[in-house]
Each structure stands twice: as C-alpha cells, then as structure tokens.
Amino acid sequence: MRHHLILRVITKLLVPPIVLFALYVQFHGDYSPGGGFQAGVILAAGLILFGIVYGQRKVKKVFPPWLVHKLAALGVLIYGGTGVISLLAGKAFLDYSALAAHPKDGQHYGIIAVELGVGVTVSAVMVAIFYAFAARPPRINDEDW
Amino acid sequence: MVLEFVLGHLNYWLFIILMMTGFYIVVSRGNYVKKIVGLNIFQVSVFMFYISIGKVTGGTAPIYPINLQVDPNTLYSNPLPHVLILTAIVVGVATTALGLALIVRIREEYGSIEEEDILEIESEMQRKENAEHGSAMGGRA
Amino acid sequence: MDVLINLVLFIMLVATALAILRMRHLFAVVMLSGVFSLLSALLFVTLDAVDVAFTEAAVGAGISTVLLLGTMALTSREEKMPRNFSLLPLIVVIITGVVLVYGTLDMPNFGSADSPAQTHVAAEYLKKTPKDTGVPNVVTAILASYRGYDTFGEVVVVFTAAIGVLILIGNLARRREPEESD
C-alpha cells in the first residue's frame, strides 16, 4: 500500500471524523436514530479502514489484540452489571428504577449504561474478527486481484 | 376491488421474489462463499418483508420530537418490528462471520471450497478407510 | 410516488441479485453484495425504518464486505464452472415461492392502520414511552428498556460469535509474530 498516496492521505483525514461520528451516534441514540449497535459498527469500520490502508501492525499498536478481546468481555459485563445492580437494590433484574431516586432518571441512566455496554462489545467483536482474518497469510498475491 | 388487493399485496410478493432468488443461490451453487452471499440476500429480504408489515401509510419514523410534544394527529409506524430486525441484523452478521471462519478452515483442510470437490475428497477418504480397516469396522466406514 | 420509488429500488435489487447469481468472479460478487446491502438500506428508509436502515448500511455494506473480502483472500478467487444445469433446485424454489405467495393471500393490505400488528402492543408502547422513560427515540426505548432482556441475549450472542471465530482462526496458541502483510 506504499504507493497509494491518495488512499493514505484520505484515510488519515477520515478516521478522526469517523470515530467522532461513532461517539455522537452512541450518545445521541436516545434522541435520533442510533444507539449502541450502530455506533459500535461505525467505530469498528473506522479502525478496520485504518488497518486495511496502513497495515495491521500499526493498528495493532493502538488496539492490541489482547485489549480488544478483553473489551469485548467488558461490554457484556457492563450490561450484566447494570442488571445485577438492580438486583442488589432489591428489584427485578434490569429494572432501571433502582438506579436513581426518580424512576424516569433511573431509566435514562440505565439506557445509557446498557447502550454503552452494547457499543463497546460490538466494536471490540468486529475488530477482533478482523484481526483474526487479517493475521492469516493470504493465499492470493496482490497482483492477482 | 381486485386492483386494490393486488396493489396492497404487491410489496409482499416482490419481497418473496427476492427471497426466492437468494434461496436459489444457496441451493444451486456449489461455492461456499457464494452460498453465504445468497444466504445474506435471503436474510435481508426476510427483514424487508417483516418491516413492511409494520409500515403505516402516511406514517413517519417512530421518533418523537426532542421536546416530547407529541402531536396526536401524526401517525407513527410500528416500532416493534424495527427492534426485532435490529437484533436480527447483528445476529446475522455474527453467524456470517462464523460461517466465513469455517470456510477458511475448510479451505485449509481440503484445499478447495467447492462442494463437488469436497464430496469427492470425502468419498475417496471413505473408500481408503474401508480398504484399510474393512473387516474391523464391519465392512463400512 | 411512494410506489414508484419502491418499484425502482426493488428492480435494482432484483438486478443485483441476478447478477450475483450469474457471476463467477468472486471479487465482483462480494462488491455486488455490498451494493445490495446499500440498496436495501434505501428501501428500509422508504419503509420508515430509519434505525434499521442505519444498522443495515453500516453492517451489511461495511463489516460484511470486509469479512467476505478477507475470506476471499484466504480461499479462492473464482467459482468453479458448474458442470451441468440441474432442474431440481429450480423446482424446489418455485414450489416454495408459490406456497409463500399463497400464505400472503389473507394478510392485511400493505400500510393499513388497523391491521392486528398495529393495534395491540405497539400502540401501548407508543403511548407509554414518553411517560415511562422520557426518551424520544421509541426504538431505543423498547430495545434498551422494555425489551432489555432480549438485547442482553443478543450481546451475548455477538460475544459468542467472536469466541467462535477466535477458536477457529485465532492462532491464539502461536506465540511468534506473523510476517508483515498489508
């Protein structure tokens, strides 16, 4: 990819807005179309774009595989943890009214926490799958495409 | 009367045509990657069918204005199919990723991803096993 | 006007699906599947499903295409020439299509506001969401609050898929670094 100058420059310019857009979609999921899944996939797409153009060595320096694997589990833990907090407060599993004094505020906190867990897991899972596929030596040369 | 019926059901039939195209790709082609692509086509057309059940003519997307002043005259499309299909899309990509990982391993084991080649290799292996251990396994592997 | 847009999008979708059926060069097939996902995202927008269109565009045209390309790089470039045309798949597909069309004959008309799907639980959710949760996006409210348990199961499914892929092709036991490959 060393001779694809336009691709490299445009990728460098595009990846920060992609990450920013992913965060916007994550936290505005309450007010506009969006939420955890979309945000996770957009963030993963930005990182995968960087990995494709600059080589997986460079993207693995920013997000090493062990970190990505642990983040995938952390997302599920956040989601389950929200439910368990409600259990410890004496209510049903995933009953958000246990999270704050006013039930409506509890719903807001609960939805944000849960969507955060979903976003973290989905992005980490997509990047982990990309790492698994990209780390294998390819069977097609670059000229044969 | 008949025209109204046909126009009202035309969408469903068009999505069924798409579904059958995807289904035909899965059933008739031997290449595993193409089968997965055909399965994706089938899946997406099932989603379209499902969401078209929830659409209301003259309705809009089920998102309220940001100050929650709901105008009682606006019609909103049904949000429940959207929720189900959102889940289904993400689960679909998860199963696609698993299927593709399996295809990579199959390629490394058998050297090909065409169904005919793999069936030939399998029957070869079975014949060889029968020839070697024939009597010990009762004559059939 | 709506019907015209739907019809044009549908024709393009069918043309793409038929092209995927006929092409043997797998790179073109993968690219066409990305095009198919984008067109279906457009169709979802005309069906008022904006969240679904968002997810389908990101997932189908983004992640799926990347994974299919990665698989292609690890397996093969072209589909083998089919040896002879067999009639059985076509018959099975046509029979299934006819049975499905027969099944849709007593469904309510497309877009009717008094069909059973619109009147029971969905109307409840639409009414109660501003009072219970205060979240304007009803789809997020149902996904994260009313049906939060199902979403938990879905997150676990995604995590399980990651574990499955890592077990199959993760190379987690190998300790030496892979060679530089772009």
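Which residues does I118(B) touch, not counting residues up to four places away in sequence? I will start with that residue and then move outwards. I118(B) touches Y110(B) and S112(B). Please keep in mind that this is a predicted model.

I118(B) lies in helix α4 of chain B, which runs over residues 115-133. Because I118(B) has 18 C-beta neighbours inside 10 Å, it counts as partly exposed. R107(B) is eleven residues away from I118(B) in sequence, and the two C-alpha atoms are 9.6 Å apart in space.

Some words on confidence. For the complex, the predictor gives an ipTM of 0.90 and a pTM of 0.90. The average pLDDT of chain B is 88, and 95% of the residues score at least 70. Within that chain, the element with the lowest mean pLDDT is the helix we just looked at, α4(B), at 87. The highest mean belongs to α2(B), at 93.

Chain C has an average pLDDT of 87, with 94% of the residues at 70 or above. Its lowest element mean is 80, for α5(C), and its highest is 94, for helix α2 of chain C, residues 26-46. One stretch needs a warning: over residues 175-182 of chain C the pLDDT is below 50. Beyond near neighbours in sequence, that stretch has seven contacts in the model. Where pLDDT is low, predicted coordinates should not be read in detail.

Back to chain B, and to helix α2(B), residues 32-53. This helix has 22 residues and reaches 32 Å from its first C-alpha to its last, close to the 32 Å expected at 1.5 Å a residue. Of those 22 residues, 16 are buried, so α2(B) is largely enclosed by the rest of the structure.

Now the contacts between chains. Chain C puts 75 residues in contact with 73 residues of chain B. On the side of chain C that touches chain B, the elements giving two or more residues include α1, α2, α3 and α4 of chain C. The largest share, 14 residues, comes from α3(C). By class, this side of chain C has 47 nonpolar, 20 polar and eight charged residues.

Between chains A and B, six residues of chain A are in contact with five residues of chain B. On the chain A side there are five nonpolar residues, one polar and no charged.

Next, the interior. The largest nonpolar core has 121 residues. Among those with the most contacts inside it are V41(A), V125(A) and A162(C). Helix α5 of chain A, residues 103-134, supplies the largest share of this core, 16 residues. Take V41(A) as an example: leaving aside neighbours within four places in sequence, V41(A) is in contact with V122(A) and M126(A), and also with A58(C), V59(C), G62(C) and I63(C).

A162(C), from that same list, is among the buried residues of α8(C). Others there include F152(C), V155(C), F159(C) and I169(C). What covers the buried residues of α8(C) includes α4 and α5 of chain A, α3 of chain B and α7 of chain C. The helix α8(C) has 22 residues and spans 32 Å from first C-alpha to last, close to the expected 32 Å. Just after α8(C), N171(C) takes a positive phi of about 55 degrees.

Helix α6 of chain C, residues 121-132, has these buried residues: A122(C), Y125(C), L126(C) and T129(C). They cover an arc of only 100 degrees around the axis, which puts them on the same side of α6(C). On the other side, A123(C), E124(C), K127(C) and K131(C) are exposed. The cover over the buried residues of α6(C) includes α3 of chain B, along with α5 and α7 of chain C. After α6(C) comes G134(C), with a positive phi near 70 degrees.

Last, two backbone angles. Most residues other than glycine have a negative phi. L94(A) is not a glycine, yet has a positive phi of about 60 degrees. L94(A) sits in the loop between α4 and α5 of chain A, and is buried, with 22 other C-beta atoms within 10 Å. D48(C), also not a glycine, has a positive phi near 70 degrees. D48(C) is in the loop between α2 and α3 of chain C, and is buried, with 25 other C-beta atoms within 10 Å.

Conventions: Residues are numbered from 1 along each chain as its sequence is written. Chains are lettered from A and ligands numbered from 1 in the order in which they are written. This is a predicted model: local features need pLDDT of at least 70, side-chain atom pairs count only at pLDDT 80 or more; totals for chains, interfaces and linings use all residues. Helices (H or I, at least four residues) and strands (E, at least two) are DSSP runs, numbered from the N terminus. The expected span of a helix is 1.5 Å times one less than its number of residues. A residue is buried if 20 or more other C-beta atoms lie within 10 Å of its own, exposed if 12 or fewer, and partly exposed in between; C-beta atoms are placed from the backbone. A nonpolar core is a set of buried Ala, Val, Leu, Ile, Met, Phe, Trp, Tyr and Cys residues joined through C-beta atoms within 7 Å. Two residues are in contact if their C-beta atoms, placed from the backbone, lie within 7 Å. The arc is that of the directions from the helix axis to the C-beta atoms. Ala, Val, Leu, Ile, Met, Phe, Trp, Tyr, Cys and Pro count as nonpolar, Asp, Glu, Lys and Arg as charged, and the others, Gly among them, as polar. pLDDT is the predictor's confidence in each residue, from 0 to 100.
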